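Got the model open in your viewer? Let's take a short walk through it, one selection at a time.

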Amino acid sequence: MSTTVSTLSEMLRRLEYGEGYGGYAQLFKSLRIPLSELESSLECGNNHYKRKLLQRTGSYELLLMCWQNEQTSPIHSYAGQQGWIYVAQGSLAIDYYLRRDSDDTMERYKTVEIGSGDYGYLNDYIGFHRIRHIGNQRAVSLHLHAGPVEEWEVFDPETGTYSHMAPGPHTDR
């Protein structure tokens, strides 16, 4: 049985020790970090969601993200990495997409909604994904990537094209 993790400093301390027996999923199941713990590091944007790098090592990166009404990420991959999302406030939807071999397009096959206190899991074997804000209040989330994501593949549904780019927009520390 894991103990509750209620501060950002405790989360960072546990991340220093590595995945542990239960892996990062066990850590995310134990998170109960209140919004007040994250407010001092939070940056929100009016036109696009904001990413703030909290910590990066050779093994992982931890980001704090703020989502205003109707903000969404592009449809993207994780360059083979795994990811976990913890929602401290508000609600997010994760849309999962599969690339069709026949015509190289994307098809959404599943949507998972996560709200305050919940977490979600992502990896490229599940497919490409898009994260979007839902609900009436801003959403604040912590994102852990097992292995820093330097570049992701992005699908543009308007043009039907794929490109490689650095994740963004973000601010570092």
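**Stop one: the cavity**

Six nonpolar, five polar and one charged residues make up the lining of the largest cavity. Keep in mind that you're looking at a predicted model. To see the lining for yourself, select Tyr49, Arg51, Met65, Trp67, Ser73 and His76, then add Tyr78, His129, Ile131, His143, His145 and Trp152. Now color strand E2 (60-67), strand E8 (128-134) and strand E9 (139-146): these are the elements that each give two or more residues to that lining. The space inside comes to about 60 Å³. How many cavities of 30 Å³ or more are there? The count is one.

**Stop two: a helix pair**

Next, select residues 8-16 for helix H1 and residues 23-30 for helix H2. Their axes sit 11 Å apart, and the packing angle is about 165°. Angles over 145 degrees count as roughly antiparallel, so that's how H1 and H2 run relative to each other. The crossing of H1 past H2 is right-handed.

Show side chains for the contact: on H1 pick Met11, Arg14 and Leu15, and on H2 pick Tyr24, Leu27, Phe28 and Ser30. Color that set by class and you'll get five nonpolar residues, one polar and one charged.

Key: Residues numbered from 1 in each chain as written. Predicted model: local features only at pLDDT ≥ 70, side-chain atom pairs only at ≥ 80, totals over all residues. Heavy atoms only, no water. Axes fitted to C-alpha atoms, helices over the stretch in contact; angles between N-to-C directions. Helix = DSSP H or I, 4+ residues; strand = E, 2+ residues; numbered from the N terminus. Parallel < 35°, antiparallel > 145°, perpendicular 65-115°, else oblique. Left-handed = near helix turned anticlockwise from the far one by under 90°. Contact = heavy atoms within 4.5 Å. Nonpolar A, V, L, I, M, F, W, Y, C, P; charged D, E, K, R; others polar. 1 Å grid on protein atoms, 1.4 Å probe; cavity = no way out; pocket = protein on both sides within 12 Å on 5 of 7 lines; lining within 4 Å. Points joined across faces, edges and corners; volume = space filled by probe spheres on them.
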